[in-house]
Amino acid sequence: MRLGLDIGGTKTDAVAVDDDGTIVDRVRLATGFGPEAVIRTAIEGVTRISQITGVPVDGFESVGIGIPGQVDVVTGNVSHAVNLGFDELDVGRRLSVALGLDVKVENDVKAAALGAYHLMTAQPGLTARSIAYLNLGTGLAAGLVIDGALWRGARGTAGEIGHIPVDPNGVLCPCGQRGCLETVASGSAIARQWVTDDPIPARSLLAAADAGDAAALAIRSLLVDNVAAAVRVLVLTVDVEIVMIGGGLSAIGAWLLDEVRRVLTSWAVESPFLASLGLDSRVQLVPAGFPAAAVGAALVGAPLAGASRTDVGTPTGQGEKVATWQK
């Protein structure tokens, strides 16, 4: 049995999965703020899963962590995790010492891509060998799984499509460029454009758009168009079979999927080339409530069904930081 944790800015998801990747047990707990609190949260998550399953901590085949920030997948060091309250933390070593077993650490979006891939391949009749997990959260980024293995690229930046500039006159992005995709298609983009007291700006935006507010309609249209653009970029650059949309904004649900497919279909009418790609049929939503990053973390380092390569894109013997500007 494997154990995975998705450590987020406000909550931590912990799951135990069996050899087939089926979720056996799951617990959710609040994430502490600051380096020591994050380590305590992770230990508590592991301990509680151990108690629920009856499996001793050292009885798990592996323990994996999905966490935001820059992750060195060789050393387990994490940096620039602003939402967790630290700039540098040796998460892998600290947890390995505390738990008495090897702990693998992966960027949360990439871990979620593994979880989404497992979800796809576990369904009868589905044989997708490549997927992109499009994370629509505070920021925008993607994780890529090719032939069952994560594709990180030469320097770990594969999938950072949120920092493709789409508007040279747009707002300044935290990455230092102007008009990046993330500045128009993310939770932070909505919060910047739609000022509200609602703790969930997207909810307020959609309600106002449904009521006919012109500004809300314009922001909503920009969001949908650019999520569709992100799907197009992923297919045109990597030609993945499926793009699965996840992250906080995916909670909008079927409406978002329908609208993105509508935009993709409209582009296909105008372009025979795009029509030949069947973009609208290649995009799906991660099912509501599925803990993709936690499941993926549990599977980090484990061979997946159909995998024909291991640790794709990781320089042998070298630490690799998985770059992300999503905080």
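This is a short tour of a predicted model, one selection at a time.

**Stop 1: the two domains**

Select residues 2–111 together with 291–299, and colour them as domain 1. Then select 125–285 and give domain 2 another colour. Domain 1 is built from two stretches of the chain, 2–111 and 291–299. Measure between the centres, taken over C-alpha atoms: domain 1 and domain 2 lie 27 Å apart.

**Stop 2: where the domains touch**

Go to the contact between them. Domain 1 supplies four residues and domain 2 supplies nine residues. Together the two domains bury about 600 Å² between them. Carbon and sulfur atoms make up 61% of that area.

Which residues of domain 1 lose the most area to domain 2? Select Glu106, Val109 and Lys110. These three account for 82% of what the domain 1 side buries.

**Stop 3: a bridge across the interface**

Keep Glu106 selected and add Arg152. The two form a salt bridge, and their closest N and O atoms are 2.5 Å apart. How many salt bridges cross the interface of domain 1 and domain 2? The count is one. The number of residue pairs in polar contact between the domains, with both residues at pLDDT 80 or more, is also one. Now look at the domain 1 side of the contact by residue type. Two residues there are nonpolar, two are charged and none is polar.

**Stop 4: another salt bridge**

Widen the view. The whole structure holds 14 salt bridges. Side chains of opposite charge can pair when their charged atoms come close. For one of the 14, select Asp90 and Arg93. Their side chains meet with N and O 2.7 Å apart. Are these two residues buried, exposed or in between? Asp90 is partly exposed, because its relative accessible area is 21% and the buried class ends at 20%. Arg93 is partly exposed too, with a relative accessible area of 48%, and the exposed class starts over 50%.

**Stop 5: the cysteines**

Last, select Cys173, Cys175 and Cys180. A disulfide is a covalent bond between the sulfur atoms of two cysteines. How many disulfides does the whole structure contain? The search finds zero. Start with Cys173. Its nearest cysteine sulfur belongs to Cys175 and is 3.7 Å away, whereas a disulfide needs the sulfur atoms within 2.5 Å. Therefore Cys173 is in no disulfide. Cys173 counts as buried, at 3% relative accessibility. Move on to Cys175. Its nearest cysteine sulfur is that of Cys180, at 3.7 Å, and Cys175 is in no disulfide.

Conventions. Residues are numbered from 1 along each chain as its sequence is written. This is a predicted model: local features need pLDDT of at least 70, side-chain atom pairs count only at pLDDT 80 or more; totals for chains, interfaces and linings use all residues. Side-chain values use heavy atoms; hydrogens and water are left out. Domain bounds come from an automatic or database domain assignment. Contact means heavy atoms within 4.5 Å. Buried area is the accessible area (1.4 Å probe) that two parts lose on being put together, summed over both. A salt bridge is a side-chain nitrogen of Lys or Arg within 4 Å of a carboxyl oxygen of Asp or Glu. A polar contact is a pair of N or O atoms within 3.5 Å; within protein, one must be able to donate a hydrogen and the other to accept it, and residues adjacent in sequence count only if both atoms are side-chain atoms. Ala, Val, Leu, Ile, Met, Phe, Trp, Tyr, Cys and Pro count as nonpolar, Asp, Glu, Lys and Arg as charged, and the others, Gly among them, as polar. Buried means under 20% relative accessible area, exposed over 50%, partly exposed in between (1.4 Å probe, protein chains only).
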